[in-house]
Structures are given as structure tokens and as C-alpha cells.
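Trainee: I would like to go through this model step by step. Where should we start?

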Amino acid sequence: MYIDLARQYNKEAPTTETNSVAYIETLRALEQEIEIHFKTEKSAQFYADKLHITAKHLNRVCKTTLNKTTTELITERVILESKRLLVHSKNTMSSISENLGFKDYAYFSKVFKSKTKLTPLEFKKSYK
């Protein structure tokens, strides 16, 4: 009976992919590169070139390991930094967006709102 239950469980249990050491190392290298360049570089191709792999392979590594795309990781880091700057700096919204590599405040606001459901100004006011 135990064997039958184990077989049934194995059929119904979702299979999880084990992440290879190479994928983990690639992800670590990506995180380091994002930390260095996230203010100026937002494209997955830039980071793939830095890691000497294709953008497609880099996305595969990210999807397999974190279930996110490379672009999502970059955007998350930018949003995290923008939140920090909005709450802790006295800079204007425009200077914060420029500091994060956005030429246009309206585009920065659009990206920020798409990820947080709040405009940068609403976010800043929610912390005062």
C-alpha cells in the first residue's frame, strides 16, 4: 500500500528542476553586473554580453532559477533603488529619474507605477 501511495504522490507532485552549479554561478555574476550597471544599462543584451553568453541563454538561466526574466531582475533593482531614493533623499522626482538613467520623468513614472501600482509621488507621500 505504501508503494502505491508513493507512486501516486510522485505522479501528482510537481517536478522541480534542480539548478545546476553553472546556472547559480551565472546568476551570481549577473547580480553583480546588475549592481554595478543598473543605473545606466537596462537591456538584457548588455548583461549577456558582459557575461559572454547569449541573451536567450541568460533568460533561460533566470527563468529556470528564479522564474523571472533578466529584464524583470533589472527592473526590480531599479525600482528598489528608486524607492530608497524617494524615501531617503531630498532630490526632486526628475533628478531621481535622471540618476537612475531615465531621460524622461514621465517614462520613469510609468515604469514605477506599472511595478508598484503607485506613482512615485504617491509612494513618497505614503512614507511621510
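Mentor: Start with the pocket. This is a predicted model, and the lining of its largest pocket includes Lys42, Thr71, Ile74, Thr75, Val78, Gly101, Phe102, Tyr107, Val111, Ser114 and Lys115.

Trainee: Which elements give two or more residues to that lining?

Mentor: Thr71, Ile74, Thr75 and Val78 are among the lining residues, as are Tyr107, Val111, Ser114 and Lys115. Compare those numbers with the helix ranges, 70-88 and 105-116. The elements are α5 and α7.

Trainee: What is the make-up of the lining by class?

Mentor: Lys42 and Lys115 are in the lining, and Lys counts as charged. Gly101 is in the lining too, and Gly counts as polar. The full tally is five nonpolar, four polar and two charged residues.

Trainee: What volume does the largest pocket have?

Mentor: Rolling a probe the size of a water molecule over the atoms shows where empty space is left. For the largest pocket, the volume is about 190 Å³.

Trainee: Where in the chain is confidence lowest, and where is it highest, by helix?

Mentor: The chain averages a pLDDT of 89, and 85% of the residues score at least 70. Over residues 13-17, pLDDT stays under 50, and the model has one contact there beyond four places in sequence. Helix α1 (residues 2-12) is lowest, at a mean of 61, and helix α3 (residues 44-50) is highest, at 97.

Trainee: How many aromatic pairs are there?

Mentor: Two rings pair if their centres lie within 6.5 Å. By this rule, the count of aromatic pairs is seven.

Trainee: What kind of pair do tyrosine 105 and phenylalanine 108 form?

Mentor: Their ring centres are 6.1 Å apart, with 50° between the planes. Being three residues apart in helix α7, tyrosine 105 and phenylalanine 108 are about one helical turn apart. An angle under 30 degrees would count as stacked and one over 60 as edge-to-face, so the pair is tilted.

Trainee: Is phenylalanine 108 buried or exposed?

Mentor: Its partner, tyrosine 105, has a relative accessible area of 27% and is partly exposed. The cut-off for buried is under 20%. At 1%, phenylalanine 108 is buried.

Trainee: Phenylalanine 123 and tyrosine 127 also form a pair. Is tyrosine 127 buried or exposed?

Mentor: That pair is tilted as well, at 4.9 Å centre to centre and 50° between the planes. Phenylalanine 123 has 8% relative accessibility and counts as buried. Tyrosine 127 has 55%, and over 50% is the cut-off, so tyrosine 127 is exposed.

Trainee: Which residues do ring pairs link into a cluster?

Mentor: The two pairs just described belong to it. The cluster consists of Phe102, Tyr105, Tyr107, Phe108, Phe112, Phe123 and Tyr127.

Technical notes. Residues numbered from 1 in each chain as written. Predicted model: local features only at pLDDT ≥ 70, side-chain atom pairs only at ≥ 80, totals over all residues. Heavy atoms only, no water. 1 Å grid on protein atoms, 1.4 Å probe; cavity = no way out; pocket = protein on both sides within 12 Å on 5 of 7 lines; lining within 4 Å. Points joined across faces, edges and corners; volume = space filled by probe spheres on them. Helix = DSSP H or I, 4+ residues; strand = E, 2+ residues; numbered from the N terminus. pLDDT = per-residue confidence, 0-100. Contact = heavy atoms within 4.5 Å. Phe/Tyr/Trp six-rings, centres within 6.5 Å; stacked < 30°, edge-to-face > 60°. Buried < 20%, exposed > 50% of the residue type's maximum accessible area, 1.4 Å probe, protein only.
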